[in-house]
Number of protein chains: 2
Amino acid sequence: MPSPARPPRGPKPTRMDADQLLDAAQEVFGRDGLRAASLRAIAKQAGCDPALIYYHFDSKEAMFTALLAKRFPPLVEDLRRLADPADDRHTALRLWEVLGIYHHHLGRDPGLRGLIRGEIVRGAEGIQELIQSRVIGAATLVRSLLEQGIQRGEVRKDLHTLLSTFFLLKLQLEILDVLPVVAPRILGMPPDEAVAEGERAWLHLFWRGIATDPAAPLPPLPDSHD
Amino acid sequence: MPSPARPPRGPKPTRMDADQLLDAAQEVFGRDGLRAASLRAIAKQAGCDPALIYYHFDSKEAMFTALLAKRFPPLVEDLRRLADPADDRHTALRLWEVLGIYHHHLGRDPGLRGLIRGEIVRGAEGIQELIQSRVIGAATLVRSLLEQGIQRGEVRKDLHTLLSTFFLLKLQLEILDVLPVVAPRILGMPPDEAVAEGERAWLHLFWRGIATDPAAPLPPLPDSHD
DNA sequence: AGCATGATTCAACGTTCGTTGAATTGGAGC
DNA sequence: GCTCCAATTCAACGAACGTTGAATCATGCT
C-alpha cells in the first residue's frame, strides 16, 4: 500500500482558468474587503489550492486589479451607449436607465460594490488611485448626461453637475448595498422589493431636485431593472 | 550592570484610562475597519502595550461595542433636542442642522463613519444588529422631523419619510467620508471647502425634492458646521 | 511509447494576529 | 517604612496569513 487514498496532485479533470478564480475573488473581496479577504478563503471558494492563485496572478493586489479590469469596462460601455447625445428621450428616463445599469452590473451580489464603496477611502495608496480613475471614467459619462439635460432645458441651469452626479451614483450604491440587508427588519418587505421601491423613490426625489420644472409629471418609468 | 536601560515595567506616571484607549481604537477602527484593525496598532496609537487593552476590555469586539456606547448617545441627544415639536423654525433649516449634527459628531476624523457605513453590510452577525439598532434610534428622530414638516404643510404629503431619511443620512455620511479624499483631485478644492459645498448642494437638492413648493426660496442657511 | 509542458498540490517559511499568565512596579493606606 | 492593590509590561502560545519552491500529475506532440 504505497499511498492509501491520497488525492491526486496534478491537474484536475476540470481546468480552472483565471476567470473562475476572479469570480471567487469577487465574492470574497466583496464580503470581507481587500485587506481582510484571505487567499485561502478565495481558494476555498474556488475549490482549489491557494498556491494555484500564484500560478495565475502575481499577488493578491494583482488579483484585485485584474478584477477591476474585468468588471468595469462592460459597465462603462453601457453608460457610453446611454450617453449618446442622439438619444432624445426625456432626461429623467435616461437617469432611470443609469440606475438600471448600475443595478445590472453591481446589483446581483455583494461583489465589487462594497469594495468600490469602501476601498476608495480606506484602501492602500496605489489601489485608491486605481479605483478613483475607474470611477471617474464612469461618472464623467453620467455627468455629460446631466449637461445634455441642461442644454435641453429640462434640468436647472444652476446645478452643480459634478456634485449631483456624485449624489446620484453614491446613493444608488448605498441602495443596492444596504437596503437588501435592512429591508426585512426595517421596511418589512423582501429585499428585491425594497431595492425596487428605493430606486424609484430616489429617482423621483433626485429628479424633483434638479428639474427645471419640478411639478411637471415624470414620464412613465419602466419596471424594475432585471 | 544589571540592566542597561530597561523601561519600567509597572504603571506609568501618567495613567491610561479606558477613554484614551477608546480614542485610539476609534482612530484605528475607522482607518482599517473592525476586522483589519489590530490590537497592536491600537496599542501603538495609544502608546501602551497591547496586553493593557485586556485589562480594560474583554476582547476586541467588546472594545468595539464600548466605542459605540460612548459615541452614539451624544449624537442622539443632539438630535432629540432638535426634534422637539415646539421648534417652529423652517423645516429646511432644521434639516440643515441635522447635517450639522452629523458633521459635528462624525466629521472630525475617519472614526466611526467608515465603520458605521461599512460594518452594517459586511460585519459579523452580532455587530450588525448592534449597529442597526443604534442607527435606527437616530434615524427615527430625523424621520419625525420630516413628519412634522408634512403636518406643517412644508413637505409633500406623499413622501416616503423612512426612505427619505435613509437618503438624507446616508448621503451625508458619504459626503463626510469621500469628498475630503477625492476633493483635491476631482473638485480642485481643499477638503473642508469641498465638504461645506457638498453639504449645501445636497441640502438644496434634497429640499427641492421633498418640498411642497420647490420653487419657494430657502431660508438662509447659517455658515459651515464647526 | 516517450517526452515536454502546463496545471495543480504539498509542505514549509517568516510574519502578524488575538489572547493569556506571570512578572513587575508606582502609589494609597496604615 | 511596610503592605497591598491596581495598572502595566513581558514573553510566549497557537492560529492564520501571504508567499514560495519543489513535487506531482494530465495531456498533447512527436
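**Close-up views of a two-chain helical model**

**View 1. Helix 1 of chain B bends by about 85 degrees at Gly30(B).** The bend at a residue is the angle between two fitted axes, one for the seven residues ending there and one for the seven starting there. This is a predicted model, so local features need a pLDDT of at least 70 and side-chain atom pairs count only at pLDDT 80 or more, while totals for chains, interfaces and linings use all residues. Residues are numbered from 1 along each chain as its sequence is written, and chains are lettered from A and ligands numbered from 1 in the order in which they are written. Helix 1 of chain B covers residues 18-36, and its 19 residues put the end C-alpha atoms only 21 Å apart. A straight helix would reach 27 Å at 1.5 Å a residue (the expected span is 1.5 Å times one less than the number of residues). Gly30(B) is itself buried, and so are Leu22(B), Ala25(B) and Phe29(B), among others in this helix. Here, buried means 20 or more other C-beta atoms within 10 Å of a residue's own, exposed means 12 or fewer, and partly exposed is in between, with C-beta atoms placed from the backbone.

**View 2. Helix 4 of chain B has a kink of about 25 degrees at Phe72(B).** The kink comes shortly before a proline, Pro73(B). What about the end-to-end span of helix 4 (residues 60-82) of chain B, and how far apart are its end C-alpha atoms? They are 34 Å apart, which agrees with the 33 Å that its 23 residues should span at 1.5 Å a residue. The buried residues to look for in this helix are Met63(B), Phe64(B), Leu67(B) and Leu79(B).

**View 3. His56(B) sits in helix 3 (residues 50-56) of chain B.** It's partly exposed, because 16 other C-beta atoms lie within 10 Å. Setting aside neighbours within four places in sequence, His56(B) is in contact with Ala18(B) and Leu21(B) (a contact means C-beta atoms, placed from the backbone, within 7 Å). The C-alpha atoms of His56(B) and Met16(B) are separated by 9.8 Å, and the two residues are 40 apart along the chain.

**View 4. In chain A, helix 1 (residues 18-36) packs against helix 4 (residues 60-82) with axes 10 Å apart.** The angle between them is about 110 degrees, so the two helices are roughly perpendicular to each other. Axes are lines fitted to C-alpha atoms, over the stretch in contact for helices, and angles run from 0 to 180 degrees between N-to-C directions. Under 35 degrees counts as roughly parallel, over 145 as roughly antiparallel, 65 to 115 as roughly perpendicular and the rest as oblique. Helix 1 of chain A brings Leu22(A), Ala25(A), Gln26(A), Phe29(A) and Leu34(A) to the contact, while helix 4 of chain A brings Met63(A), Phe64(A), Ala66(A), Leu67(A) and Lys70(A). By class that's eight nonpolar, one polar and one charged. Ala, Val, Leu, Ile, Met, Phe, Trp, Tyr, Cys and Pro count as nonpolar, Asp, Glu, Lys and Arg as charged, and the others, including Gly, as polar.

**View 5. Zoom in on Ala25(A), in helix 1 of chain A.** Is Ala25(A) buried or exposed? Ala25(A) is buried, because 27 other C-beta atoms lie within 10 Å. Not counting neighbours within four places in sequence, Ala25(A) is in contact with Ile42(A), Met63(A) and Leu67(A). Leu79(A) is 54 residues along the chain from Ala25(A), and their C-alpha atoms are separated by 25 Å.

**View 6. Chain A meets chain B with 35 residues on each side.** Helix 1, helix 6 (111-122), helix 7 (125-151), helix 8 (161-187) and helix 9 of chain A each supply at least two residues to the side that touches chain B. Which helix gives the most? Helix 8 of chain A does, with 13 residues. That side of chain A has 19 nonpolar, eight polar and eight charged residues. Chain A as a whole has nine helices and zero strands; these are DSSP runs numbered from the N terminus, with helices H or I of at least four residues and strands E of at least two.

**View 7. The two copies of helix 9 (residues 191-210), one from chain A and one from chain B, cross at roughly 105 degrees.** Their axes come within 7 Å. The crossing angle therefore makes these two helices roughly perpendicular. Leu205(A), Phe206(A), Arg208(A), Gly209(A) and Ile210(A) meet Leu205(B), Phe206(B), Arg208(B), Gly209(B) and Ile210(B). This contact divides into six nonpolar, two polar and two charged residues. Arg208(B) is buried, because 23 other C-beta atoms lie within 10 Å. Leaving out residues up to four places away in sequence, Arg208(B) touches Arg208(A), Gly209(A), Pro214(A) and Pro214(B).

Key: Contact = placed C-beta atoms within 7 Å.
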